[in-house]
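Me: I'm new to this protein and would love a friendly walk through its fold. Could we take it one question at a time?

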Amino acid sequence: MKRFAFIRLMILICFAGSISAQKATVAQSASAKTVVEVLYFHGKQRCPTCIAIGNHSLDVVKNDFASQVRNGQVKFKEIDISTSEGEKFADNYRVTGSSLFVNQWKNGKEKRNNMTIFGFKNARSNPSAFKVGLKNQIALLLK
C-alpha cells in the first residue's frame, strides 16, 4: 500500500513539473515573439505622394499580413506629427516631415528601418514596386 501511495505521489510530482515546464516554454516563446511595426509619419497637410505612402502601406499591412495583424505580429501606426502626441513620437525618431519606418521588435529590442526615400521614390510613380518592396521588408523582419 505504501508503495502504491509513493508511486501516485511521484506521478503527481512529475505531472506538476511538466505543467511548469510547459508554462515556462510558452512564456519564453511569447517574450521572444517578433513584432514588426509599420510607422507612417505625416504632417497636417500632405502631398499626393505622402498620401500614397500612407494608403499603400496600410493596404499592404491589411491585405498581405491580415493574420499577423490579428495575432499582434504586425502593427500599422499612422502618426500625425502636427499633434502634441505625434510630435513627441516624432522627436524619438528624429522625424520632421512625412516618413516611413518599418521596425522589428525582438527580445525587447527595436531595429529601425527607415524606408522614407524608398517610399517617396515609388509610392506614387510605381505603386506595385512600393507594395512589393514593403511586403518583402515586413516578411524579412518577421523571420
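Me: Leaving aside neighbours within four places in sequence, which residues is I138 in contact with?
Reply: Happy to start there, keeping in mind that this is a predicted model. I138 belongs to the largest nonpolar core and ranks among the residues with the most contacts inside it. Once neighbours within four places in sequence are left aside, its contacts are V36, V38, V60, V61, F65, V74 and V102.

Me: Which elements give two or more residues to the largest nonpolar core?
Reply: This core has 20 residues, and V38, V102, L134 and I138 have the most contacts inside it. Both strands and helices contribute two or more residues: β1, α2, β2, β3 and α6.

Me: How many residues are in the other core that lies apart from it?
Reply: Among the members of this other core are L39, F41, I81 and A90. It lies apart from the 20-residue core, and its size is eight residues.

Me: Which strands stand at the edges of the sheet?
Reply: The sheet is open, with mixed pairing, and its four strands run in the order β2-β1-β3-β4. A strand at the edge has a single partner, so one of its sides is left without a neighbour in the sheet. That description fits β2 (74-80) and β4 (109-111).

Me: In which sense do β1 and β2 pair, parallel or antiparallel?
Reply: Strand β1 covers residues 35-42, and seven bridges join it to β2. One of the bridge partnerships is between E37 and K75, the latter in β2. The sense of the pairing is parallel.

Me: What angle does the direction of α6 make with that of β3?
Reply: Two helices are worth looking at here. Helix α2 (residues 48-64) packs on the sheet, touching β1, β2 and β3 (99-106), and its direction makes about 160° with that of β1. Helix α6 also packs on the sheet and touches β1, β2 and β3. The angle between the directions of α6 and β3 is about 20°.

Me: Is Q137 buried or exposed?
Reply: Q137 sits in helix α6, which spans residues 127-142. Beyond residues up to four places away in sequence, it touches V102, N113 and M115. Its relative accessibility is 18%, and the limit for burial is under 20%, so Q137 counts as buried.

Me: How many residues apart are E37 and K77, the pair that links strand β1 with strand β2?
Reply: The side chains of E37 and K77 meet in a salt bridge, at 2.9 Å from N to O. E37 is buried, with a relative accessible area of 8%, whereas K77 is partly exposed at 31%. The pair links distant parts of the chain, with a separation of 40 residues.

Me: Which helices are tied together by the salt bridge of D59 with K131?
Reply: The closest N and O atoms of D59 and K131 are 2.7 Å apart. D59 is partly exposed at 26% relative accessibility, and K131 is partly exposed too, at 27%. The two residues are 72 apart in sequence, so the pair ties together separate parts of the chain, namely helices α2 and α6.

Me: With which residue does R112 form a salt bridge?
Reply: The count of salt bridges comes to four, and this is one of them. R112 is partly exposed, with a relative accessible area of 34%, and its partner is partly exposed at 28%. The closest N and O atoms are 3.0 Å apart, and the partner is E110.

Notes
Residues numbered from 1 in each chain as written. Predicted model: local features only at pLDDT ≥ 70, side-chain atom pairs only at ≥ 80, totals over all residues. Heavy atoms only, no water. Buried < 20%, exposed > 50% of the residue type's maximum accessible area, 1.4 Å probe, protein only. Contact = heavy atoms within 4.5 Å. Pairing = 2+ DSSP bridges. Axes fitted to C-alpha atoms, helices over the stretch in contact; angles between N-to-C directions. Core = buried A, V, L, I, M, F, W, Y, C linked by side-chain atoms within 4.5 Å.
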